[in-house]
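Please open the model in your viewer and keep the sequence beside it. The stops below suggest what to select next and say what is there.

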Amino acid sequence: MTISDLDTATPAQLAPVLLAALQRLGQLGRSGAVALAAIVEDNDTDFDEAASWVGDVADGGLRD
């Protein structure tokens, strides 16, 4: 998947890419978080919404 595919990706296509990216950021630790923070704009409601959902997943929620 390329960045240009993200706008049309289905949840099933996007989820494994997001998981891999989050796992890699976790491996990178603080430097990964700082790199992400550098490109997230203040008041990015889409990011805030996604971060909330990812937080729910991390807490063990949203399991079918």
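**The overall layout**

Begin with the whole chain in cartoon view: read from the N terminus on, the elements of the protein run α-α-α, and the count is 3 helices and 0 strands. Please keep in mind throughout that this is a predicted model. If you switch to the C-alpha trace, you will find that it spans about 30 × 30 × 25 Å along its principal axes. With a surface turned on, the accessible area of the protein comes to about 5500 Å², and 58% of that belongs to carbon and sulfur atoms. Of the 64 residues of the protein, 3% count as buried.

**Before the first helix**

Now select Thr2, which is found in the segment before α1, and show its side chain together with that of Ser4, since these two side chains make a polar contact at 3.0 Å. Thr2 has a relative accessible area of 44% and is therefore partly exposed, a class that lies between the limits of 20% and 50%.

**Along α1 and into α2**

Move on to α1, residues 11-28, and draw a distance between the C-alpha atoms at its two ends. The 18 residues of α1 should span 26 Å at 1.5 Å a residue, and the end C-alpha atoms are 25 Å apart, which agrees. Just after this helix, select Gly29, the residue that follows α1 and has a positive phi near 70°.

Is the next residue to select, Gly32, buried or exposed? Gly32 sits in helix α2, and because its relative accessibility is 1%, under the 20% limit, Gly32 counts as buried. You may also draw a line from the C-alpha atom of Gly32 to that of Leu22: these residues are 10 apart along the chain, and the two atoms are separated by 9.3 Å.

**The loop and α3**

Continue to the loop between α2 and α3, where Asn43 has its place. Although Asn43 is not a glycine, its phi is positive, about 60°. Asn43 counts as exposed because its relative accessibility of 73% is over 50%.

Next, show Asp44 and Asp46 as sticks, and look for the cap at the N-terminal end of α3: a side-chain oxygen of Asp44 lies 3.2 Å from the backbone nitrogen of Asp46. Following the helix itself, you will pass 14 residues, and α3 reaches 20 Å from its first C-alpha to its last, close to the 20 Å expected at 1.5 Å a residue. After α3 comes Gly60, with a positive phi near 90°.

**The largest pocket**

For the last stop, return to the surface view. Rolling a probe the size of a water molecule over the atoms shows where empty space is left. The largest pocket has a volume of about 1000 Å³. To find its centre, select Leu14, Leu18, Leu22, Ala50 and Val54, which are the closest to that centre among the 27 residues of the lining. Colouring by element is helpful here, as α1 (11-28), α2 (30-39) and α3 (45-58) each give two or more residues to the lining. Which element gives the largest share of the lining? That share, 9 residues, comes from α1. If you then recolour by residue class, the lining of this pocket divides into 23 nonpolar, 2 polar and 2 charged residues.

Definitions and conventions:
Residues numbered from 1 in each chain as written. Predicted model: local features only at pLDDT ≥ 70, side-chain atom pairs only at ≥ 80, totals over all residues. Heavy atoms only, no water. 1 Å grid on protein atoms, 1.4 Å probe; cavity = no way out; pocket = protein on both sides within 12 Å on 5 of 7 lines; lining within 4 Å. Points joined across faces, edges and corners; volume = space filled by probe spheres on them. Helix = DSSP H or I, 4+ residues; strand = E, 2+ residues; numbered from the N terminus. Nonpolar A, V, L, I, M, F, W, Y, C, P; charged D, E, K, R; others polar. Buried < 20%, exposed > 50% of the residue type's maximum accessible area, 1.4 Å probe, protein only. Expected span 1.5 Å × (residues − 1). Areas by Shrake-Rupley, 256 points an atom, 1.4 Å probe, with all protein chains shown as cover. Polar contact = N/O pair within 3.5 Å; in protein donor to acceptor, adjacent residues only side chain to side chain.
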